[in-house]
Amino acid sequence: MAQYGFDELIQADAETHRDPKPFWAVANSDDKLLLKWLNGEIAFLRDEGRDRIDQIRKAIANYKGIQYEAQTSRTHTTKDLSQENKSKVDKIVVNHLYDLTESHVSRAVKYKPGIEVSPENPDEFQDVVSAKMKKALLDHIWYENNFRDFMWPLVIRDSKVAGEDYLFVLWNESIGKEHPASERARSRGKQSIDLEDGTKVSLEKPVFVGDVEYRQVSSADVFLQKKPKFLEVDYLFWCETVNVDDLRADYPDLSSQIKPEKDEQNYDYESLSVKKAQNECHVYHFFHKHTDKLSQGKYVKFIKGLILEKDNLKYEHGKLPCVRLSDIDIPNERHGVSFFKNIRPLTNIYNNITNMINRNQILCSHPKWVMPAGACRLEQLGNDITIVQYKGPVAPQLVQMSPTSREVFEFRNMIKEEFQVLSGVHGVSRGEPPPGVTAGVAIQFLNEQENERANNFMLKVNAFLKELAFMTIEV
């Protein structure tokens, strides 16, 4: 009789409830069939991505300097093992993962991101003016979203820790300046205005002109269509946790159908534990790009039991409305992988050796009086040196041992050099040039070699910024 583990059973159950039809076959169905397909697909993708999300959570814990904890994949509860027995030496973590990550971030943001918009035809006055307007518009949007100084370092850091990061480029009708027509009508005391198509707009609240909005989303909250490569993905889900009262205020006509999810849980990254949802529900945004079988694309916003919005994809560029920055791309895998995966075993060994040295030094390096029992009155020694008493005709002596051999320290340094090489960050950029290298030319050569190694990631950075600029202007 075949035996299955708990994870395999969950995966098999998700496969059973997943509709095998492609999305374009149900895109124009009624809400019931459409919601059934969406719920089945997101359940499958969430179960299929369990290991990936666990790795992201573990990487964030490592970035925070947490290594010695028992974390189960079932409950994600944490327990600090170093606090179980206070008679033992507390374990410490030398957080090289944090330092290496910040070195990558500092290198990537050394130069502020900038985009130059060139006219298609420099001899055409209209093209020149259009290029200048696009450049001014892009600078304004980046300033409004605090992209250069705040959001850009966050994108780099998250891509390094989690393996990838997503920046959604959306149109938000509720931001920007108040629409001039709304401002004039409200100043005259009008309660509503009529649009050209006959639609009546209430003026209980100001009507804004809208603007581009950036939303940085963690890879753990993005679920891609199951395809071998990211470029082949046609649709994705973006999950966010929203308070039920806020959702009811946004959709007053559906407020009676919007209810908190009783059985859902949310992962708290601060406490590294799963907590029960409190008056919250998971809201999913489904985006499908323009394809030959679905020429207008699709956008659906829904919760588990209700569709909140559905429409064609309103962005003329026809792409998924996000830009992705990945750390390490593995062939035939659609999600990026963090460099943590390559060096975490070595940093764990480094910390284990460090704790071994620390324990040895504390327990064995203090001087000890070795003497026959009764050779002297102990209170006359007047110090805290450990005393070892025995029976036998041996003269008292003050003994101090060497608890840790030189080979242990050399092995520890070798491990450090190994994970620095694998991470692409060497001692030069961390203020630690190799022993004996003091010439400025030699140090400059080593620094150039390190930058050469980083070229692959910088190419991704440049492509990310270029795609972000194009998508921002198009939106």
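This passage walks through the cavity, a pocket, two strand arrangements and two buried residues of a predicted model.

Let's start with the enclosed space. Searching the whole structure turns up one cavity of 30 Å³ or more, and the largest cavity holds about 80 Å³ of space. Its lining runs through Asn-62, Ile-66 and Gln-67, then Val-93, Val-94, Asn-95, His-96 and Leu-97, and finally Thr-347, Asn-348 and Asn-351. Two helices, helix 4 (96-108) and helix 9 (340-364), each put at least two residues into this lining. Helix 9 is the top contributor, with three residues. Sorted by class, the lining of the largest cavity comes out as seven polar and four nonpolar residues, with no charged ones.

Next up is the open space. The second largest pocket has a volume of about 1,100 Å³. It is lined by 29 residues, and those closest to its centre are Asn-172, Ser-174, Tyr-251, Lys-301 and Glu-309. Quite a few elements chip in with two or more residues: strand 1, strand 4, strand 6 (235-243), helix 8 (244-250), strand 9 (280-288), strand 10 (298-303) and strand 11 (306-311). Here the class count reads 14 nonpolar, eleven charged and four polar residues.

Tyr-251, one of the residues closest to the centre of that pocket, deserves a look of its own. Tyr-251 sits in the loop between helix 8 and strand 7. With a relative accessibility of 12%, Tyr-251 falls under the 20% cut-off and so counts as buried. Setting aside residues up to four places away in sequence, Tyr-251 touches Ile-258, Lys-301, Leu-308 and Glu-309. Lys-301 and Glu-309 also belong to the group closest to the pocket centre. Tyr-251 and Glu-309 are 58 residues apart along the chain, and their C-alpha atoms are separated by 9.6 Å.

Now for the strands. Strands 4, 1 and 12 make up an open sheet of three, in the order 4-1-12 and with antiparallel pairing. Strand 4 (211-218) and strand 12 (322-326) are at the edges with a single partner strand each, so one side of each has no neighbour in the sheet. On average, and ignoring direction, neighbouring strands of this sheet are turned by 20° against each other. The antiparallel pair of strand 1 (residues 164-172) and strand 12 is joined by five bridges; for instance, Glu-164 has Ser-326 of strand 12 as its bridge partner. Helix 12 (residues 455-474) packs on this sheet, where it touches strand 1, strand 4 and strand 12. The direction of helix 12 makes about 175° with that of strand 12.

A second strand arrangement is a hairpin, formed by strand 7 and strand 8 with four residues between them. In its turn, Leu-272 has a positive phi of about 55°. Strand 7 (residues 265-268) and strand 8 (residues 273-276) run antiparallel and are joined by four bridges, and the bridge partner of Tyr-267 in strand 8 is Val-274.

That leaves one more buried side chain. Arg-412 is found in helix 10 (residues 406-423), and its relative accessible area of 18% makes Arg-412 buried. Leaving out neighbours within four places in sequence, the contacts of Arg-412 are Tyr-350, Ile-353, Thr-354 and Ile-357.

Technical notes:
Residues are numbered from 1 along each chain as its sequence is written. This is a predicted model: local features need pLDDT of at least 70, side-chain atom pairs count only at pLDDT 80 or more; totals for chains, interfaces and linings use all residues. Side-chain values use heavy atoms; hydrogens and water are left out. On a 1 Å grid over the protein atoms alone, a cavity is a set of points where a 1.4 Å probe fits but cannot get out, and a pocket is an open set with protein on both sides within 12 Å along at least five of seven lines; lining residues have an atom within 4 Å of a point. Grid points are joined across faces, edges and corners, and a volume is the space filled by probe spheres set on the points. Ala, Val, Leu, Ile, Met, Phe, Trp, Tyr, Cys and Pro count as nonpolar, Asp, Glu, Lys and Arg as charged, and the others, Gly among them, as polar. Two strands pair if DSSP finds at least two bridges between them. Axes are lines fitted to C-alpha atoms, for helices over the stretch in contact, and angles run from 0 to 180 degrees between N-to-C directions. Contact means heavy atoms within 4.5 Å. Buried means under 20% relative accessible area, exposed over 50%, partly exposed in between (1.4 Å probe, protein chains only).
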